[in-house]
Amino acid sequence: MALGFGRAGRKPGPGGEMPLMDHLAELRSRLMKALAAIVLGVVVAWYFYPEILDWLTAPYEQVRPALEQEGIDTELVVTGIGGAFQFQLKTSVVAGLVLSSPIWMWQIWAFVLPALHRHEKRAALLLTATCVPLFLGGAWIGYWTFPKAIELLVGFAPEGWTNLLNGADYLSFATRMILLFGVGAQIPVVVVILNRMGAVSGAQLIHARPWIIVGIFFFAAIATPTVDPVTFLFLAIPMSFLYFISEIIARVTDRKRGRTARSLDDDEASTLDAPRGLDD
């Protein structure tokens, strides 16, 4: 991998690499653009705060009637003089990071891609195109599971009591649930990368399958913020299914790699076995 960071219009130095100061100037430019995108995202999120708040509290409102039928009163509250402002600011920052993520993530890639070879660029772009839908799918499962987690945890309140949910804690809990499921969906990407690097083979993945599945269920049980078996199964089962898919991809890759190696061996052998008449 050659050092090729920098603007497309910059000419490389005598050794084919960009000067260090050009790298630093390009990095500063990319960081400023990413920061401007984040600030703009926060401003937009601040403007649409009521709509974002409705979306964020929809899981809570969904299970609230069921809790009231069980005799449990619950309310979302903010505490302190500046509590409402801090909650709106924190919500806007989190939403702004998500809204601006395509821009600041692209600024990172735009800085790194010029340093990659052509096949590495294709692999990087394919990796990005795979990670994004997997993360969004996992995040959607986390958001869909969120009401069940609320109903379970708040349901431990004694009948007749009022459970006051602090807004900051609610936001942290929701963010953790969504990010956890989104990150957990990246397991096929990790396995495929390790296989591409030659660190593991398809046969090794098959041999280690029982232990990996146990590890996935253990991770899901520890990582999920609830204590019920249902919520962690919503994370463990999709992760196990994605692992099976990555295992199949690794086996197909190993077969292609084996065919390519055999083809290269045949070509090398054919060049050595030249007809005798050519040497005469």
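Leaving aside its neighbours within four places in sequence, with which residues is A37 in contact? The tour comes to A37 at its second stop. Keep in mind throughout that this is a predicted model.

**Stop 1: the whole chain**

Show the chain as a cartoon. There are 10 helices and two strands to find. Following the sequence from its start, the elements come in the order α-α-β-α-α-α-β-α-α-α-α-α. Now colour by burial: of the 280 residues, 32% count as buried. Take the contacts between residues at least 6 apart in sequence; 77% of these join residues at least 24 apart. The next stop has a pair of residues that are far apart along the chain.

**Stop 2: α1 and A37**

Select helix α1, residues 20–47, and add helix α4, residues 101–112. The axes of α1 and α4 come within 8 Å and cross at roughly 170°. An angle over 145 degrees counts as roughly antiparallel, so α1 is roughly antiparallel to α4.

Show the side chains where the two helices meet. From α1, pick H23, E26, L27, R30, K33, A34, A37 and I38; from α4, pick I103, W104, Q107, A110 and F111. Sorted by class, this contact has eight nonpolar, two polar and three charged residues.

Several of the α1 residues in that selection can be compared with a general rule of helices. An α-helix has 3.6 residues a turn, so residues three or four places apart point the same way.

Now select A37 alone, which lies in α1. Its relative accessibility is 8%, so A37 counts as buried. Here is the reply to the opening question: apart from neighbours within four places in sequence, A37 is in contact with S100 and I103. Draw a distance from A37 to W104 as well. Their C-alpha atoms are separated by 6.7 Å, although the two residues are 67 residues apart along the chain.

**Stop 3: α3 against α4**

Keep α4 and add helix α3, residues 83–99. At what angle do the axes of α3 and α4 cross? The crossing is at roughly 55°, and the axes come within 5 Å. The two helices are therefore oblique to each other.

Zoom in on the contact. L97, V98 and L99 of α3 meet S101, P102 and W104 of α4. By class, five of the residues in this contact are nonpolar, one is polar and none is charged. W104 is also among the α4 residues that meet α1.

**Stop 4: along α6**

Move to helix α6, residues 167–184. This helix has 18 residues and reaches 26 Å from its first C-alpha to its last, close to the 26 Å expected at 1.5 Å a residue. At its start, select N166 and A168: a side-chain oxygen of N166 reaches to within 2.9 Å of the backbone nitrogen of A168.

Next, pick out the buried residues of α6, which include Y170, L171, F173, A174, M177 and I178. Then select two other residues of the helix. D169 lies in α6, and at 52% relative accessibility it counts as exposed. From D169 to F87 the C-alpha distance is 9.8 Å, with their positions 82 residues apart in sequence. L179 is in α6 too; with a relative accessibility of 43%, L179 counts as partly exposed. The C-alpha atoms of L179 and W140 are separated by 9.8 Å, and the two residues are 39 residues apart along the chain.

**Stop 5: α7**

Select helix α7, residues 187–196. Its buried residues are I187, P188, V189, V191 and N195. Just after α7, click on G198, which takes a positive phi of about 85°.

**Stop 6: two residues of α10**

Finish with helix α10, residues 229–272. Is M239, in this helix, buried or exposed? At 7% relative accessibility, M239 counts as buried. Leaving aside neighbours within four places in sequence, M239 is in contact with G184, I187, I216 and F219. Two of these belong to earlier stops: G184 is a buried residue of α6, and I187 is a buried residue of α7. M239 and I216 are 23 residues apart in sequence and 7.1 Å apart in space, C-alpha to C-alpha.

Now select E247, also in α10. With a relative accessibility of 3%, E247 counts as buried. Not counting residues up to four places away in sequence, E247 touches L205, I206 and R209.

Conventions: Residues numbered from 1 in each chain as written. Predicted model: local features only at pLDDT ≥ 70, side-chain atom pairs only at ≥ 80, totals over all residues. Heavy atoms only, no water. Axes fitted to C-alpha atoms, helices over the stretch in contact; angles between N-to-C directions. Helix = DSSP H or I, 4+ residues; strand = E, 2+ residues; numbered from the N terminus. Parallel < 35°, antiparallel > 145°, perpendicular 65-115°, else oblique. Contact = heavy atoms within 4.5 Å. Nonpolar A, V, L, I, M, F, W, Y, C, P; charged D, E, K, R; others polar. Buried < 20%, exposed > 50% of the residue type's maximum accessible area, 1.4 Å probe, protein only. Expected span 1.5 Å × (residues − 1). Polar contact = N/O pair within 3.5 Å; in protein donor to acceptor, adjacent residues only side chain to side chain.
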